[in-house]
Amino acid sequence: MKKIILIAAILILSACSSSKNTGDKWVGMSKQSLVKSWGTPVRIFDNNADGEILVYADQIFDNSHRGMAGSNYWNYTYMYIDKNGKVSSYRHEKQNFPPQAIDSNKLIDLKLVTAI
């Protein structure tokens with residue numbers, strides 16, 4: 001029984017650690033490979049002369065409050081594609097607004113268009 005619990009704990013921990021580095025394995029890969037694996041992004045922004053930004057989003061529902069409507073938020077992944085069509089970097093973020101509300105002008109003002 002102890003062996004089963006130990007194996008389950010190792011599997012859970014390895015699954016959690018690999019999900020944190022989801023973007024890392026894509027750096028250097030082609031945009032075509034990314035889209036083939038992840039699907040069509042919900043938004044695409046022009047990143048001036050540097051390439052483009054593919055935006056992927058998942059809506060998360062928090063139903064931890066029994067008997068009440070839970071809150072929800074969006075998990076965003078911004079994949080930065082360089083002018084050669086390769087993933088150059090990425091960024092994760094949680095927001096309360098849907099993908100349709102992302103304003104590229106605000107991203108530019110906040111200097112979030114280009115990843116650091």
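Two strands pair if DSSP finds at least two bridges between them. Keep that rule in mind on this tour, because the strands here are described by their bridges. The model is predicted.

**The whole chain**

Show the protein as a cartoon. You should find 3 helices and 4 strands. Now trace the chain along its sequence. The pattern reads α-α-β-β-β-β-α. The protein has 116 residues, and buried ones make up 23% of them.

**Strands β1 and β2**

Select residues 43-46, which are strand β1. Add residues 52-61, which are strand β2. How many bridges join β1 to β2? There are 4, and the two strands run antiparallel.

Pick out two facing pairs. Arginine 43 stands opposite valine 55 in β2. Isoleucine 44 has leucine 54 of β2 as its bridge partner.

Now look at the link. The hairpin of β1 and β2 has 5 residues between the strands. Click on asparagine 48 there. Asparagine 48 takes a positive phi near 55 degrees.

**Strand β3 joins in**

Select residues 72-81 for strand β3. β2 and β3 pair in the antiparallel sense, over 10 bridges. Show aspartate 58 next. Asparagine 75 in β3 stands opposite aspartate 58. Then show tyrosine 56, whose bridge partner in β3 is threonine 77.

Is β3 mostly covered or mostly open? It is mostly covered, with 7 of its 10 residues buried.

Stay at the β2 side for one more residue. Isoleucine 60 lies in strand β2. Its relative accessible area is 27%, so isoleucine 60 counts as partly exposed: the value falls between the cut-offs of 20% and 50%. Draw a distance from isoleucine 60 to asparagine 72. The C-alpha atoms are 5.4 Å apart, while the two residues are 12 apart in sequence.

**Strand β4**

Select residues 87-95 for strand β4. β3 and β4 run antiparallel and are joined by 8 bridges. Isoleucine 81 stands opposite valine 87 in β4. The hairpin of β3 and β4 has 5 residues between its strands. Find glycine 85 in the turn. Glycine 85 has a positive phi of about 80 degrees.

**Arginine 91**

Show the side chain of arginine 91, in β4. Is arginine 91 buried or exposed? Arginine 91 is buried, because its relative accessible area is 18% and the cut-off is under 20%.

What does the arginine 91 side chain contact? One polar contact goes to the side chain of tyrosine 80, at 3.3 Å. Another goes to the side chain of glutamate 93, at 2.6 Å.

**The largest nonpolar core**

Select Phe45, Ile53, Val55, Ala57, Trp74, Tyr76, Tyr78, Tyr80 and Ile102. These 9 residues make up the largest nonpolar core. β2 and β3 each supply at least two residues of this core. Which strand gives the largest share of this core? It is β3, with 4 residues. In soluble globular proteins, nonpolar side chains tend to be buried together.

**The largest pocket**

Clear the core and look for empty space. Rolling a probe the size of a water molecule over the atoms shows where such space is left. The largest pocket holds about 220 Å³ of space.

Select the lining: Trp38, Tyr56, Ala57, Asp58, Ile60, Asn75, Tyr76, Thr77, His92, Glu93 and Lys94. Several names should be familiar. Tyr56 and Thr77 are bridge partners, and Asp58 stands opposite Asn75. Glu93 makes a polar contact with arginine 91. Ala57 and Tyr76 are in the largest nonpolar core too.

Color the lining by strand. β2, β3 and β4 each supply at least two lining residues. The largest share comes from β2, with 4 residues. Now color by class. The lining has 5 nonpolar, 3 polar and 3 charged residues.

**Last stop: helix α2**

Select residues 31-38, which form helix α2. Click on leucine 34 in this helix. Leucine 34 is buried, because its relative accessible area is 0% against a cut-off of under 20%.

Draw one last distance, from leucine 34 to lysine 86. The residues are 52 apart along the chain, and their C-alpha atoms are separated by 9.3 Å.

How values were computed. Residues numbered from 1 in each chain as written. Predicted model: local features only at pLDDT ≥ 70, side-chain atom pairs only at ≥ 80, totals over all residues. Heavy atoms only, no water. Buried < 20%, exposed > 50% of the residue type's maximum accessible area, 1.4 Å probe, protein only. Polar contact = N/O pair within 3.5 Å; in protein donor to acceptor, adjacent residues only side chain to side chain. 1 Å grid on protein atoms, 1.4 Å probe; cavity = no way out; pocket = protein on both sides within 12 Å on 5 of 7 lines; lining within 4 Å. Points joined across faces, edges and corners; volume = space filled by probe spheres on them. Nonpolar A, V, L, I, M, F, W, Y, C, P; charged D, E, K, R; others polar. Core = buried A, V, L, I, M, F, W, Y, C linked by side-chain atoms within 4.5 Å.
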